[in-house]
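Me: Please take a close look at the aromatic ring pairs in this model. I would like their geometry, their place in the chain and their surroundings.

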Amino acid sequence: GRAQASSSPTSAKYILLEQIIARLCRIAMGEWCLDKNITDTQCWFAAAEQAIDAIFEISAEPEKESAKIIKGMEAMAFGMSGRGVEVSKKTCCSLRLARFFFVVGHIAVKLLVYTEALSISLRRANAAKSLSKQESADKAKSSDNDEAKIKEDSDEDIEAELGLAAQAEAETEKKVADIAENEIVERGLIGLFSPLLVRIVANEGLMHSSSILMQSATLALCKLMCISGVFCEKNLPLLFRALSKAPVKETTLKSNIIIALGDLAFRFPNAVEPYTPMLYACLNDSVTSVRRHTLMVLTHLILNDMVKVKGQVCEIAVCLEDKEPRIRDMSRLLFHELSKRSNNPIYNLLPDIISRMGLMGIEKEKFRNIMSFLFSFVKKDRQNEMLVEKLCQRFPTTESISQKSDFAFCLTQLKLNDKVIKNLNDHFNCYKDSLFDDDVFKSFTSILSKAKKLARSEMKEVIEEWETRLKQENSNGLENMTAEAKSKAAKANAKARKARKGRENSLDD
């Protein structure tokens, strides 16, 4: 229980706690912070957080103390100075606003935690009451007076009590959900300031240039969104706009939003899910700390099944070659953890990852390093055999010889067996048109060399047939390229002669 609630109002302990709470409120209000000294406000944030936490721990009625703090800071920010002197309402100190929004956001979260704690205490009390009645009924059963009748009556009483207890628990949970959804953010004192928060975070016309104000307001908005699902859905577009429009130098603001989005995805996964691609896009940010925080959040969400593993995971695969060692290590850890799952999502996603990365224009060396790492998780023969079919079927879907070269390299990473070799021969028509390219042909000849060493005697005929077809198609492709090059050169020469003849005729005239 809380220290003040367990003390008598006339006791010395209660009076002392009252004085402590009053001083904690003054610390939280930040009356001592100078408006022109940003260092005061920066140091105040941690102190205010601890002061509010302490109030919620020791106060018998923390919600009333919180209301006093908010109203006092509202007067300081919008109408009165710290010493009770009126200030202009046309202008407002950005540092005061930053402090005010920080307190509003933190108190909102503490009120949610406080409400849930009261709900848990109530459930425990009800459970203890039911247990006490059940123990009394058990004692009654052991008596010898009309044992059968007592047993029947006590069983009926217990069933009725359990039914009422379950109903009461459901009602309590419903009330707590309503308080979180409506009272704290929508209808309560804090809800009065949510429109102002939204307006400042939107920052239309770039009216607010204070970095500390934007960080504090955005963080407060995120905390309110964590409390109410309706408020969250309504303001998610605004939050992502703030993330995309944040200046490059505002790394703290962007990192705060990304971390908050991770919390929102845990609390309201269905609301955040449509915006997942925008979260993945932050992995391409030019700032290392932003990429690191994004990867950290996505890793946490994916491993806890809060975000579905789809083709967008190729953005994380690219991080395997990031210049920052911590980012590389974290992405490796994610793929290692995914490989331990029974459904092996890496195997299922590999074809899409390869295609998407091909379109991203990644350097060839980086692409091959990434693929070598990912294919190391494909260990089952059946998976290798299926990947051969899937990769071969990708060749006709693209006209880019660079992508076809990527597919061919990926085939070299598969573990060979008789079925894999047979599949490569059976799907020859899928990739034959790309064998004129040196890189593609080298990949297939590399596979052929390994196949000759590993294949059993009964596969020699298949391998020889496949080798013949590879060489023949490569030769035909080179001849066609030569003929096409000659044709283009002849057309160019003819066009040049025609133009030259035209100029000569004009000179004669």
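Reply: What follows covers the ring pairs, with a few nearby topics added.

This is a predicted model, in which local features need pLDDT of at least 70 and side-chain atom pairs count only at pLDDT 80 or more, while totals for chains, interfaces and linings use all residues. Residues are numbered from 1 along each chain as its sequence is written, and side-chain values use heavy atoms, with hydrogens and water left out.

The mean pLDDT (the predictor's confidence in each residue, from 0 to 100) is 83 for the chain, and 82% of the residues reach 70 or more. In residues 81-89 the pLDDT is below 50, and this stretch has twelve contacts in the model beyond near neighbours in sequence; a contact means heavy atoms within 4.5 Å. Where pLDDT is low, the predicted coordinates should not be read in detail.

The structure holds 16 aromatic pairs. Rings of Phe, Tyr and Trp (its six-membered ring) pair if their centres lie within 6.5 Å; planes under 30 degrees apart count as stacked, over 60 as edge-to-face and the rest as tilted. One of the pairs, Phe240 with Tyr275, is stacked, at 5.0 Å centre to centre and 10° between the planes. Phe240 belongs to helix H8 (residues 229-245), whereas Tyr275 sits in the loop between helix H10 (269-272) and helix H11 (276-281), 35 residues apart. Helices (H or I, at least four residues) are DSSP runs, numbered from the N terminus. Phe240 is buried, at a relative accessible area of 3%; buried means under 20%, exposed over 50% and partly exposed in between (1.4 Å probe, protein chains only).

Phe335 and Phe373 form an edge-to-face pair, because their ring centres are 6.5 Å apart and their planes lie at 75°. Phe335 is in helix H14 (residues 325-339) and Phe373 in helix H16 (residues 364-375), so this pair ties together parts 38 residues apart in sequence. Phe335 is buried, with a relative accessible area of 2%, and Phe373 also counts as buried, at 11%.

Ring pairs further link Phe395, Phe407, Phe428, Tyr431, Phe444 and Trp466 into a cluster. Two residues outside the ring pairs touch members of this cluster. Ile354, in helix H15 (residues 345-359), is buried at 1% relative accessible area; leaving aside neighbours within four places in sequence, its contacts include Phe407, Phe367 and Phe375. Glu473, in helix H22 (residues 460-508), touches Phe428, Lys432 and Leu435, not counting residues up to four places away in sequence.

Technical notes. Helix = DSSP H or I, 4+ residues; strand = E, 2+ residues; numbered from the N terminus.
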